[in-house]
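Here are a few short exercises to work through with the model open beside you. Try each one before reading its solution.

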Amino acid sequence: MNAPLTPLWRWSVAGLLFTGAALYFLWAGEIFVDKKHTMLIRRGADPLLYWGIVLVFLALGGAGLYKAWQHLRA
């Protein structure tokens, strides 16, 4: 059987970073777009954009962690 091309640590780091960012967005209730905090995406102000970003981050984090799990089981 061929070894996976992408190392386990890459899938793990990507999955944890995306999942952690999504959980932080949920906890904070807002997403800062720039460093000076002049542009925010808030839960109540623009819910479609906010939840879209959170769901995409959760999907990417879940996919990364799933690939890491597959790598561990192989």
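**Exercise 1. Find which side chain makes a polar contact with the side chain of Glu30, and give the distance.**

Solution. Start at Glu30 in this predicted model. Its side chain makes a polar contact with that of Arg42, at 3.3 Å. Next, place Glu30 in the fold: the residue is found in strand S1.

**Exercise 2. Decide what kind of interaction the side chains of Glu30 and Arg42 meet in, and where in the chain the two residues sit.**

Solution. Step one is the distance test: a salt bridge needs a side-chain nitrogen of Lys or Arg within 4 Å of a carboxyl oxygen of Asp or Glu. Glu30 and Arg42 meet in a salt bridge, with 3.3 Å from N to O. Step two is the location: Glu30 belongs to strand S1 (residues 30-32) and Arg42 to strand S2 (residues 40-42), so the pair, twelve residues apart, links distant parts of the chain. Step three is the general background: side chains of opposite charge can pair when their charged atoms come close. Finally, a search of the whole structure finds one salt bridge.

**Exercise 3. Are Glu30 and Arg42 buried, partly exposed or exposed?**

Solution. Buried means under 20% relative accessible area, and exposed means over 50%. Glu30 has 19% relative accessibility, so this residue counts as buried. Arg42 has 42%, and therefore counts as partly exposed.

**Exercise 4. Work out how helix H1 and helix H2 are oriented to each other.**

Solution. First take the geometry: H1 (residues 8-28) and H2 (residues 47-73) pack at an angle of about 150°, their axes 7 Å apart. Angles over 145 degrees count as roughly antiparallel. The two helices, H1 and H2, are therefore roughly antiparallel to each other. As for handedness, the crossing in which H1 passes H2 is left-handed. The residues of this contact divide into 18 nonpolar, seven polar and one charged.

**Exercise 5. Describe the surroundings of Thr19 in H1 and of Trp51 in H2.**

Solution. Begin with Thr19, which lies in helix H1. Its relative accessible area is 18%, so Thr19 is buried. The side chain of Thr19 reaches the backbone oxygen of Gly15 at 2.7 Å. Now turn to Trp51, a residue of helix H2. Trp51 has a relative accessible area of 36%, which means that this residue is partly exposed. To finish, check a distance: the C-alpha atoms of Trp51 and Ala22 are separated by 9.8 Å, with the two residues 29 apart along the chain.

Terms used. Residues are numbered from 1 along each chain as its sequence is written. This is a predicted model: local features need pLDDT of at least 70, side-chain atom pairs count only at pLDDT 80 or more; totals for chains, interfaces and linings use all residues. Side-chain values use heavy atoms; hydrogens and water are left out. Axes are lines fitted to C-alpha atoms, for helices over the stretch in contact, and angles run from 0 to 180 degrees between N-to-C directions. Helices (H or I, at least four residues) and strands (E, at least two) are DSSP runs, numbered from the N terminus. Angles under 35 degrees count as roughly parallel, over 145 as roughly antiparallel, 65 to 115 as roughly perpendicular and the rest as oblique. A crossing is left-handed if the near helix is turned anticlockwise from the far one by less than a right angle, and right-handed if clockwise. Ala, Val, Leu, Ile, Met, Phe, Trp, Tyr, Cys and Pro count as nonpolar, Asp, Glu, Lys and Arg as charged, and the others, Gly among them, as polar. Buried means under 20% relative accessible area, exposed over 50%, partly exposed in between (1.4 Å probe, protein chains only). A polar contact is a pair of N or O atoms within 3.5 Å; within protein, one must be able to donate a hydrogen and the other to accept it, and residues adjacent in sequence count only if both atoms are side-chain atoms.
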